[in-house]
Amino acid sequence: MSFLPLLILSMPASLAPTPRIRLHQADADAPWGPALLDSAERALEAAEARLGLRLDQTARIVSLGSEREFHEYLQSRPAHVVAVARSRRNEIVIHREAFFRQTPVEQQRTLVHEMVHLILGRRVRGELPGWLNEGLAMLVAGEGNYRSAWRVQVAGAFGALIPLEQLESQVAIGSELQELAYAQSLSVTRFYLERSWPESTGGPGGLNPAPLARELADPLEGPRLLTRLWDVHFRRSLEAQWRRDHRNVWTWIAFLSGSGFIWLFAGVLFLLAYWRKRRFARQKREMFAAEEERDRELSLDIPPWEYEADESDEDRGR
């Protein structure tokens with residue numbers, strides 16, 4: 001047993017286990033390096049397990065301290081973005097200041113999200129539609145909540161949804177519609193899995209994206225599936241079915257938010273207030289009437305001699 005460490009150290013480099021994650025040297029030497037490496041390794045394991053796909057090479061992680069450095073490194077200016085996966089370089093770039101403002105749970109979700117992009121970018125032979133790429137990453141990372149679902153429902157009720165065609169090429173649109181773009185991508189992805197992949201049950205959010213991910217990565221079936229996903233007729237059909245599926249909910253939201261319902265609601269509140277006022281007034285009149293009746297009955301019960309006694313006492317006092 002005492003010779004085992006020496007044996008491992010003396011192993012040829014070709015036989016040594018290949019690291020799954022490699023930090024940029026500046027991050028490896030920094031105080032946050034060990035924690036970041038541990039979080040990244042756990043995120044990679046979670047993404048691989050939920051996708052059913054394994055990353056083919058060592059992933060590299062680099063963090064930049066300021067937004068300016070982050071943009072200069074990427075040579076682009078993404079807005080409201082904490083991290084970016086670049087599959088061609090097998091690299092995840094992190095805006096460190098924004099990343100460490102997140103809670104540990106949010107940090108882990110961010111890393112899982114980017115690992116999904118990295119795996120799909122490396123394993124799928126072709127480009128995914130943006131809505132599906134982001135939707136799968138959000139689904140695997142366990143992102144999306146009642147707020148994002150409600151954002152889609154309200155936008156649908158008022159005709160403010162983003163056309164799916166616009167979300168094919170880019171989801172990170174960097175405007176006030178950013179939140180809606182991601183929420184809508186997740187919603188359409190969930191709908192697509194539920195309708196087209198019945199075997200996708202279980203997993204985060206009640207759905208398992210592994211069957212779809214494995215077929216996308218298949219050398220033969222993947223390109224065929226990608227061709228179908230990019231087909232304009234498929235996209236129009238999917239969007240129409242998705243909108244139709246949500247139409248009843250959107251109609252109710254529009255009705256509940258419309259001016260007609262507001263006036264109806266105000267009228268109901270007025271009638272309730274008027275009824276309560278009338279009821280309170282009636283109860284008050286009944287209470288006063290009961291008190292008067294009680295006083296009258298008490299006065300009738302007093303014997304005449306008690307009145308005389310009171311009068312004689314008053315005379316003595318004078």
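This note walks through a predicted model, point by point, from the overall picture down to single side chains.

1. **The overall picture.** Let's start with the whole protein. Its secondary structure comes to 15 helices and four strands. The protein has 318 residues, and 36% of them are buried. Now take the contacts between residues at least 6 apart in sequence: 68% of these join residues at least 24 apart. Keep that last figure in mind as you read, since several of the pairs below link distant parts of the chain.

2. **Leu 132 in helix H7.** A good place to begin looking is helix H7, which covers residues 130-141 and holds Leu 132. Is Leu 132 buried or exposed? With a relative accessible area of 0%, Leu 132 is buried. Leaving out neighbours within four places in sequence, the contacts of Leu 132 are Thr 189, Tyr 192, Leu 212 and Leu 229. Try finding Leu 229 in the structure: it is 97 residues from Leu 132 along the chain, yet the two C-alpha atoms are separated by 9.2 Å.

3. **Trp 131 and Tyr 192.** Stay with H7 for a moment. Trp 131 in this helix forms an aromatic pair with Tyr 192, which you have just met as a contact of Leu 132. The geometry is edge-to-face, at 6.3 Å centre to centre and with 90° between the planes. Tyr 192 belongs to helix H10 (residues 178-196), so this pair links parts of the chain 61 residues apart, because Trp 131 sits in H7. Both rings are hidden away: Trp 131 is buried at a relative accessible area of 1%, and Tyr 192 is buried at 1% as well.

4. **Glu 134, a buried charge.** H7 also contains Glu 134. Which side chain of opposite charge is nearest to Glu 134? That side chain is Arg 86, and it is 14 Å away. A salt bridge needs a nitrogen and an oxygen within 4 Å, and Glu 134, although buried, has no salt bridge. Setting aside residues up to four places away in sequence, Glu 134 touches His 113, His 117, Val 171, Tyr 182 and Ser 185.

5. **Trp 32 and its aromatic neighbours.** In the whole structure, a search finds four aromatic pairs. One of them joins Trp 32 and Phe 100 in a tilted arrangement, 6.4 Å centre to centre with 55° between the planes. Trp 32 lies in the loop between helix H2 (25-29) and helix H3 (33-51), while Phe 100 lies in the loop between helix H5 (96-99) and helix H6 (104-123), so the pair ties together parts 68 residues apart in sequence. Trp 32 is partly exposed, at 27% relative accessibility, and Phe 100 is partly exposed at 40%. Together with Phe 99, these two residues make up one aromatic cluster.

6. **Salt bridges across the chain.** Side chains of opposite charge can pair when their charged atoms come close. How many salt bridges does a search of the whole structure find? The search finds 15. In one of them, Arg 60 meets Glu 91 at 2.3 Å, N to O. Arg 60 is in strand E2 (residues 59-64) and Glu 91 is in strand E4 (residues 91-95), so this bridge ties together parts 31 residues apart in sequence. Arg 60 is partly exposed at 29% relative accessibility, whereas Glu 91 is buried at 2%. Another bridge joins Glu 168 to Arg 235, with the closest N and O atoms 3.4 Å apart. This pair links helix H9 (residues 166-169) to helix H13, 67 residues apart. Here Glu 168 is buried at 9% and Arg 235 is buried at 10%.

7. **A salt bridge within one helix.** Glu 221 and Arg 224 form a salt bridge of 3.2 Å, N to O. Both lie in helix H12 (residues 221-229), three residues apart, or about one turn of the helix. Glu 221 is partly exposed at 32%, and Arg 224 is exposed at 55%. Elsewhere, salt bridges with shared partners join Arg 20, Glu 48 and Arg 54 into one network.

8. **The second largest pocket.** Finally, look at a pocket with a volume of about 350 Å³, the second largest. It is lined by 20 residues, and those closest to its centre are Ala 149, Leu 186, Ser 187, Arg 190 and His 246. Helix H8 (146-157), H10 and helix H13 (232-257) each give two or more residues to the lining. H10 gives the largest share, six residues.

Conventions. Residues are numbered from 1 along each chain as its sequence is written. This is a predicted model: local features need pLDDT of at least 70, side-chain atom pairs count only at pLDDT 80 or more; totals for chains, interfaces and linings use all residues. Side-chain values use heavy atoms; hydrogens and water are left out. Buried means under 20% relative accessible area, exposed over 50%, partly exposed in between (1.4 Å probe, protein chains only). Contact means heavy atoms within 4.5 Å. Rings of Phe, Tyr and Trp (its six-membered ring) pair if their centres lie within 6.5 Å; planes under 30 degrees apart count as stacked, over 60 as edge-to-face and the rest as tilted. Lys and Arg count as positive and Asp and Glu as negative; His and the chain ends are not counted. On a 1 Å grid over the protein atoms alone, a cavity is a set of points where a 1.4 Å probe fits but cannot get out, and a pocket is an open set with protein on both sides within 12 Å along at least five of seven lines; lining residues have an atom within 4 Å of a point. Grid points are joined across faces, edges and corners, and a volume is the space filled by probe spheres set on the points.
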